[in-house]
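Trainee: I am new to this structure and should like to understand the terms used to describe it. Please show it to me first.
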Amino acid sequence: METSILSGIEASKALYSSLEGRISNLKNHGITPGLAAVLVGNNPASEIYVKNKTKKFEALGLKTDLFRLNEDVSEKELLSLIEKLNFDDDIHGILVQLPLPKHIDSEKVLNAIVPTKDVDGFHPENAGLLSIGKPRFIPCTPKGMMFILKHFNIDLNGKHVVVIGRSNIVGRPISILTSLKELGNATVTLCHSGTKDLKYHSKQADVLVAALGSPEFVDASFIKDGVCILDVGINRIERNGKSKIVGDVNQKSVSGKASSLTPVPKGVGPMTIAMLVENTCLLYTSPSPRDRG
């Protein structure tokens, strides 16, 4: 069996093409969607993501402000910045890059972002709306995964989706999205570190989502013939004296058995930034805190 590559580069280009008209129309009405990205410390992965994000926003003529804070910044100072951005009408979306230093309560910080500027969709209010099937803003990575499936005409209706990983950033939201009648209408199994006989469950998958953060964990022994694999992992490993980025799936092992898969890199990753752009364009209509009283 030939395994098709579900290119995030190709899918993101299609999305950007569809956004050009929307962005142009907004600018013609004097509106430039703006994003504030908050980066604490010097995490290499975060640096790369923010750099790529900034480059794409600039290329599209969108407003983006980067706020760099030292590793030892106090939680109070960070919360003060978020409060300021909440009331800045030129900023339509706020992104706090994770992970944050251990002395800062990440949940408290994310909850401080006004829900209508929560470009990542992590605020409890937005997570709750998603859980009842009425999403306001969908987290960028799961949203990008859904776009890839749609772009490559992979129908989820009646399929069995198995998700490995239950994080609030990827695993849990993609399990909800794929099960929603309007979006996927799939039967979903959510697996995690406490799942007994993980291979039994993963072999039932028509679509397998690997989002566990373990390099090349999933190999051919985890899948049935013809499965579609969405690999969310981004892991840096050392191999033959060189640093390399790999996913949670051993691509070499599953090739020829899986019908299709997202590569790492250039798979789900580019779609995360693409959906960040789209969410920011959607956020411009949201009222500021002062307008809601």
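Mentor: Buried means under 20% relative accessible area, exposed over 50%, and partly exposed in between, with a 1.4 Å probe and protein chains only. This is a predicted model, in which local features need pLDDT of at least 70 and side-chain atom pairs count only at pLDDT 80 or more, while totals for chains, interfaces and linings use all residues. Residues are numbered from 1 along each chain as its sequence is written, and side-chain values use heavy atoms, with hydrogens and water left out.

Trainee: Why is Cys191 called buried or exposed, whichever applies?

Mentor: Cys191 has a relative accessible area of 1%, and the limit for buried is under 20%; therefore Cys191 is called buried.

Trainee: What makes Cys281 buried or exposed?

Mentor: Its relative accessibility is 1%, so Cys281 likewise counts as buried.

Trainee: How many disulfides does the structure hold, and how do you know that Cys191 is in none or in one?

Mentor: The structure holds zero disulfides. A disulfide is a pair of cysteine sulfur atoms within 2.5 Å. For Cys191 the nearest cysteine sulfur, that of Cys228, is 16 Å away, so the definition is not met.

Trainee: Which cysteine sulfur is nearest to that of Cys281?

Mentor: The nearest is that of Cys140, 12 Å away; set against the limit of 2.5 Å, this leaves Cys281 in no disulfide.

Trainee: By class, what makes up the lining of the largest pocket?

Mentor: The lining has 24 nonpolar, 13 polar and eight charged residues. Ala, Val, Leu, Ile, Met, Phe, Trp, Tyr, Cys and Pro count as nonpolar, Asp, Glu, Lys and Arg as charged, and the others, Gly among them, as polar.
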